[in-house]
Amino acid sequence: KSIRTFLYFSILLIKQNLPNMNLLEKKLARYDIPQKAKAAGIYPYFRAISSEQDCEVVINGKKILMFGSNSYLGLTNHPKVKEAAIEATRKYGTGCAGSRFLNGTLDIHEELERKIAKWIGKEEAIVYSTGFQVNLGVVSCITGREDYIICDESDHASIIEGRRLSFSNALKFKHNDMASLEKVLASCPIDKIKLIVVDGVFSMEGDVAPLPEIIALAKKYNAQVMVDEAHGVGVFGEQGQGICHHLGVTDNVDLIMGTFSKSFASLGGFIACNSIIANYLRHNSRSYIFSASATPGAIGAASAALDIMMNEPERIKQLWEVTNYALNGFREMGCEIGPTTTPIIPLYIRDNDKTFMVTRDLLEEGIFVNPVISPAVAPHDTLIRFSLMATHTHKQVDVAFDKISKVFRRYNIIR
Ligand code: PMP
């Protein structure tokens with residue numbers, strides 16, 4: 001009887017709290033995690049920046065050191081990049097009013113594609129409007145019903161969404177675990193198409209895919225390979241061509257994906273591949289065909305950023321110099337940073353609430369970092385993502401060390 005009374009009052013309470021809501025609203029109203037985080041004063045998202053994306057930004061009128069940017073080469077406010085965006089806008093206007101396929105291809109889209117193809121070392125490159133759309137549009141259409149798409153479990157969300165849209169059989173292997181990949185490959189028919197898709201540099205953990213081993217397994221089991229270079233281009237390679245180039249495996253990777261939203265200081269993305277694959281994608285990839293083309297300003301900026309990458313390799317050296325300085329410093333501080341070797345440094349917290357509280361406290365101390373919680377990482381792997389730009393100074397990194405060690409001690413993350 002008491003259970004029935006409890007249920008009656010619970011339903012009454014829910015009805016009172018959800019007045020006049022339709023079924024959809026009632027379902028969505030139950031999602032209240034953000035409201036709870038806001039009420040607790042630890043909500044860490046959508047922090048509005050009122051300045052350029054630089055090593056220092058302005059938030060709520062206060063100067064903040066930016067260690068949460070993907071602008072690895074610090075080019076978002078480079079005078080040549082800005083000028084190129086303005087110049088392209090002056091000549092071509094603000095938008096293309098259609099998709100690349102029908103009416104939105106400009107000569108500068110094609111010039112940029114030719115430049116990327118040559119720089120990365122593939123026959124062709126196709127420019128999409130965002131990196132997300134590249135992965136979504138490529139992975140979803142390239143294989144068929146009887147084929148297999150095999151992903152690392154830590155692959156970026158855009159790859160996972162592409163796999164979900166595909167009619168192919170979806171398989172995954174344990175993160176960077178070659179025994180797990182081999183087991184998955186061995187379970188697939190040898191005469192069916194198998195596409196292995198991995199992040200070259202993992203976006204949250206900063207570790208690198210073992211591409212030579214992946215390629216060897218692909219050869220053994222008659223599979224093809226696609227690598228997401230979102231965090232590889234501009235970072236690896238003497239002219240920023242990415243991790244495939246750095247490891248000398250470009251010719252063994254069938255598709256190389258990149259984005260303009262990070263080192264390229266713009267918005268958009270590309271897929272580089274041979275002409276047979278490119279021809280298929282240009283006529284079947286739905287996020288390319290049925291979505292408006294990247295704006296002239298975005299293309300102008302990306303093209304200028306690529307020129308700088310190719311002509312000023314010292315920027316990449318600078319990025320690695322400050323990255324190694326930060327990696328050593330965090331290790332000396334006693335932080336758990338995992339196997340990263342790149343400008344993406346995960347500082348493991350392993351607790352959702354603490355991750356939010358540390359993010360809030362660091363912002364109060366003038367340091368911007370990104371909290372990474374589930375589903376971006378497994379629930380027990382929550383972390384603070386600290387990322388470097390070529391333009392960061394040692395002095396700025398030292399300030400971050402000082403503040404991070406103070407806040408981490410407060411929460412017993414380090415001793
Ligand atoms: N792939 C990876 C690995 C990424 O980190 C991102 C962006 N976070 C994307 C693809 C999507 O790129 P974009 O932001 O240009 O849409």
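**Notebook: Asp107, ligand shell, cysteines, a small set of strands**

I started at Asp107 and found it in helix α6, which covers residues 107-120. I note here that the model is predicted. Next I looked up its exposure: Asp107 has a relative accessible area of 38%, so I list it as partly exposed. I then checked the side chain of Asp107 for partners and found a polar contact of 2.6 Å with the side chain of Tyr92.

**Ligand**

I turned to the ligand and listed the 16 residues around it. The ones that come nearest are Phe132, Asp228, His231, Thr259 and Lys262. I sorted the shell by residue class and got three nonpolar, ten polar and three charged residues.

Which element gives the most to the shell around the ligand? I found that α7 does, with three residues.

I went through polar atoms next. A polar backbone atom of Phe132 is 2.8 Å from an oxygen atom of the ligand. For Ser261 I noted a polar side-chain atom 2.9 Å from a ligand oxygen atom. For His156 the entry is a polar side-chain atom 3.4 Å from a nitrogen atom of the ligand. I also looked up the area: the ligand taken alone exposes 390 Å², and the protein buries 84% of that. Two or more shell residues come from each of α7 (131-141) and β8 (255-259).

**Cysteines**

I searched the whole structure for disulfides and found zero. For my own reference, a disulfide is a covalent bond between the sulfur atoms of two cysteines. I checked Cys141 individually: the nearest cysteine sulfur belongs to Cys273 and is 11 Å away, and Cys141 is in no disulfide. The cut-off I needed is that a disulfide requires the two sulfur atoms to be within 2.5 Å.

Is Cys141 buried or exposed? Its relative accessible area is 13%, and buried means under 20%, so I record Cys141 as buried. Cys55 is also entered as buried, because its relative accessibility is 5%.

**Sheet**

I traced an open sheet of three strands in the order β1-β2-β11, with mixed pairing. The edge strands are β1 (56-59) and β11 (367-368), and each of them pairs on one side only. I then followed strand β2 (residues 62-66) to β11: the two pair in the parallel sense over two bridges. What is the bridge partner of Leu65 in β11? I found Ile367 there. A reminder to myself is that strands of a sheet pair through backbone hydrogen bonds, either parallel or antiparallel.

How values were computed. Residues are numbered from 1 along each chain as its sequence is written. This is a predicted model: local features need pLDDT of at least 70, side-chain atom pairs count only at pLDDT 80 or more; totals for chains, interfaces and linings use all residues. Side-chain values use heavy atoms; hydrogens and water are left out. A residue is near a molecule or strand if one of its heavy atoms lies within 4 Å of it. A polar contact is a pair of N or O atoms within 3.5 Å; within protein, one must be able to donate a hydrogen and the other to accept it, and residues adjacent in sequence count only if both atoms are side-chain atoms. Accessible areas come from the Shrake-Rupley method with a 1.4 Å probe; for residues, only the protein chains shown count as cover. Helices (H or I, at least four residues) and strands (E, at least two) are DSSP runs, numbered from the N terminus. Ala, Val, Leu, Ile, Met, Phe, Trp, Tyr, Cys and Pro count as nonpolar, Asp, Glu, Lys and Arg as charged, and the others, Gly among them, as polar. Buried means under 20% relative accessible area, exposed over 50%, partly exposed in between (1.4 Å probe, protein chains only). Two strands pair if DSSP finds at least two bridges between them.
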